[in-house]
Amino acid sequence: MPTKSSHVTIDHDEIREWAEARCGRPSMVTGTGGEGQAGILRIDFPGYGGRGTLEPISWEEFFAKFEESNLALVYSAHAHGHRSNFNKLIARESVDLETGEKVGPSRHRRKQAEQAATKAATPRRTTRSTPPALGERRAPRSAAARTVLETKGRSSQRGGARQDPARRGPSRGTRSRSR
């Protein structure tokens, strides 16, 4: 995940120094924390879109949740010759902290794989115990489907092809125009 210009760290002092050098403050996404607990963590920088969606928290709360969630910070010191605010909180087990190289799937990908395996192991429920015999039709389950079947074959008021041609009158564009 990290590039040549990005770094990975779990060191609290390094994270705090990096953020404060850019006027960043610890925060959490509004409405995600429980009673007395921090929710989804973010670092809020002035002038960015965090207003109204982020609540400020203390560095102590931030690092308590950081450790509880087993996170690491990927950050970039400079990008294109300028100071960068790029940062991302990731699961520690998804990156080698020494080299910064990705070592495994993210929590999201792991959860998706677990759900797929559970779904594959769960037998599918069948709706029919036996298939209908050749030529046999099953009764539709919904009232709307039964109505469609009951009216099938009857001529409709507006169904042009099913109406009696003698009753229809001239079609558009078939009258001769006289000048």
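Let's begin with a single side chain: select F63, which counts as buried because its relative accessibility is 9%, under the 20% cut-off. Keep in mind as you click around that this is a predicted model.

**Stop 1: F63 and its partner**

Now add F62 to your selection. F62 and F63 make an aromatic pair of the edge-to-face kind, with 5.3 Å from centre to centre and 85° between the planes. Is F62 buried or exposed? F62 counts as buried, since its relative accessibility is 0%.

**Stop 2: the big core**

Stay with F62 and show the side chains of I15, W18, L41, I43 and F66 as well. These six have the most contacts inside the largest nonpolar core, which has 16 residues. Colour α1 (12-21), β3 (41-44), α2 (59-68) and β5 (71-76), and you'll have elements that each supply at least two residues of this core. Which one gives the largest share? That's α2, with four residues.

Zoom in on F66 next. Leaving out residues up to four places away in sequence, F66 touches a whole crowd, including T9, I10, I15, L41, L73 and R92. Apart from the largest core lies another one of five residues, and V8, A72, V74 and V95 are among them. As a general idea to take along, nonpolar side chains in soluble globular proteins tend to be buried together.

**Stop 3: the sheet with β5 in the middle of the order**

Select β1, β5 and β8. These three strands form an open sheet in the order β1-β5-β8, with antiparallel pairing. Look at the edges: β1 (6-9) and β8 (87-91) each have a single partner strand, so one side of each is left without a neighbour in the sheet. From one strand to the next, the twist averages 25°.

Pick out β1 and β5, which are joined by four bridges. If you click V8, its bridge partner in β5 is V74. Then bring α2 back into view: α2 lies across β1, β5 and β8, running at about 115° to β5.

**Stop 4: the other sheet**

Hide those strands and show β3, β2 and β4. Here you get an open sheet of three strands in the order β3-β2-β4, again paired antiparallel. The edge strands are β3 and β4 (54-56); each has a single partner strand, so one side of each has no neighbour in the sheet. The twist averages 45° from one strand to the next.

Where do β2 and β4 meet? Strand β2 (residues 25-29) pairs with β4 over three bridges, and S27 stands opposite P56 in β4. Helix α2 shows up here as well: α2 packs on the sheet, touching β2 and β3, and its direction makes about 140° with that of β3.

**Stop 5: a cluster of rings**

Select W18, F45, Y48 and Y75, which form one aromatic cluster. Focus on F45 and Y48: their ring centres are 6.3 Å apart and their planes are at 70°, so this pair is edge-to-face. The two rings sit in contrasting surroundings, because F45 counts as buried at 7% relative accessibility, whereas Y48 is exposed at 53%.

**Last stop: colour by confidence**

Finally, colour the chain by pLDDT. The average is 80, and 74% of the residues score at least 70. Where is confidence lowest, and where is it highest? Look for the low end in helix α5 (residues 165-168), with a mean of 61, and for the high end in α1, at 97.

Technical notes. Residues numbered from 1 in each chain as written. Heavy atoms only, no water. Core = buried A, V, L, I, M, F, W, Y, C linked by side-chain atoms within 4.5 Å. Buried < 20%, exposed > 50% of the residue type's maximum accessible area, 1.4 Å probe, protein only. Contact = heavy atoms within 4.5 Å. pLDDT = per-residue confidence, 0-100. Phe/Tyr/Trp six-rings, centres within 6.5 Å; stacked < 30°, edge-to-face > 60°. Pairing = 2+ DSSP bridges. Axes fitted to C-alpha atoms, helices over the stretch in contact; angles between N-to-C directions.
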